[in-house]
Amino acid sequence: MKEENTRRRFIKRLIIGLLSLEVIYIIFSLGKSRDTSNEDTNLFDAGSTNEFENNKTYPFHSKKFYLSRFSDGGLLAISTKCTHLGCTTNYNNVTQTFNCPCHSSKFTQNGEVMAPPATRALDYYKMEIKNNRVLVDLSTPIKRDSHSKSQLTYA
């Protein structure tokens, strides 16, 4: 009986110790993520401006955006998320359109609605060019009703 009591006490202490370590880790992780004051933490380096040809769209599926480069050299990072119900759009290189497989919404290369049920353009992300690198701010997609040239970023 005494040996069983000691074993139970050991197991309880072991579980309490492991849970305490987990709580400390979680608190430390939360504090660390809030403490980052570096504004570049949400910037994704998509590559060199020389890597992107005019009139082409490049998928970045893991980051959930497409990078379009237009004939005038302007760049636009467009969200893959359809503005109708949030399905992931596909890009068709032949027709140069974004197509939603869920409800057949269709968008132009710059993200404007071509065919409903979507009622507004695809969201986009702010970008900047530093040292010839395309940096996309993935922190918050920007909602828009239509496309304007002011949404493009130039090298």
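This section describes the strand pairing and a nonpolar surface patch in a predicted model.

An open sheet is formed by three strands, arranged in the order 1-11-10 with antiparallel pairing. The edges of this sheet are occupied by strand 1 (43-48) and strand 10 (127-130); each has a single partner strand, so one side of each is left without a neighbour in the sheet. From one strand to the next, the twist averages 30°. Strand 1 runs antiparallel to strand 11 (residues 133-137), and the two are joined by five bridges. Within this pairing, Leu43 has Asp137 of strand 11 as its bridge partner. In general, the strands of a sheet pair through backbone hydrogen bonds, in either the parallel or the antiparallel sense.

A further antiparallel pairing, over five bridges, is made by strand 2 (residues 56-60) and strand 3 (residues 65-69). Phe60 is bridged here to Phe65 in strand 3. Strand 2 and strand 3 form a hairpin with four residues between the strands, and in this hairpin Lys64 adopts a positive phi near 65°.

Apart from the strands, helix 1 spans residues 2-34 and includes Ile11. Ile11 also belongs to a nonpolar surface patch of about 710 Å², to which Phe10, Leu14, Ile15, Leu18, Leu19 and Leu21 contribute as well. The relative accessible area of Ile11 is 41%, and this residue is therefore classed as partly exposed, a category that lies between the limits of under 20% for buried and over 50% for exposed residues.

Conventions
Residues are numbered from 1 along each chain as its sequence is written. This is a predicted model: local features need pLDDT of at least 70, side-chain atom pairs count only at pLDDT 80 or more; totals for chains, interfaces and linings use all residues. Side-chain values use heavy atoms; hydrogens and water are left out. Two strands pair if DSSP finds at least two bridges between them. Patches are made of residues with over 30% relative accessible area and no salt bridge: like charges are joined within 9 Å, nonpolar side chains (Val, Leu, Ile, Met, Phe, Trp, Tyr) within 5 Å. Accessible areas come from the Shrake-Rupley method with a 1.4 Å probe; for residues, only the protein chains shown count as cover. A salt bridge is a side-chain nitrogen of Lys or Arg within 4 Å of a carboxyl oxygen of Asp or Glu. Buried means under 20% relative accessible area, exposed over 50%, partly exposed in between (1.4 Å probe, protein chains only). Axes are lines fitted to C-alpha atoms, for helices over the stretch in contact, and angles run from 0 to 180 degrees between N-to-C directions.
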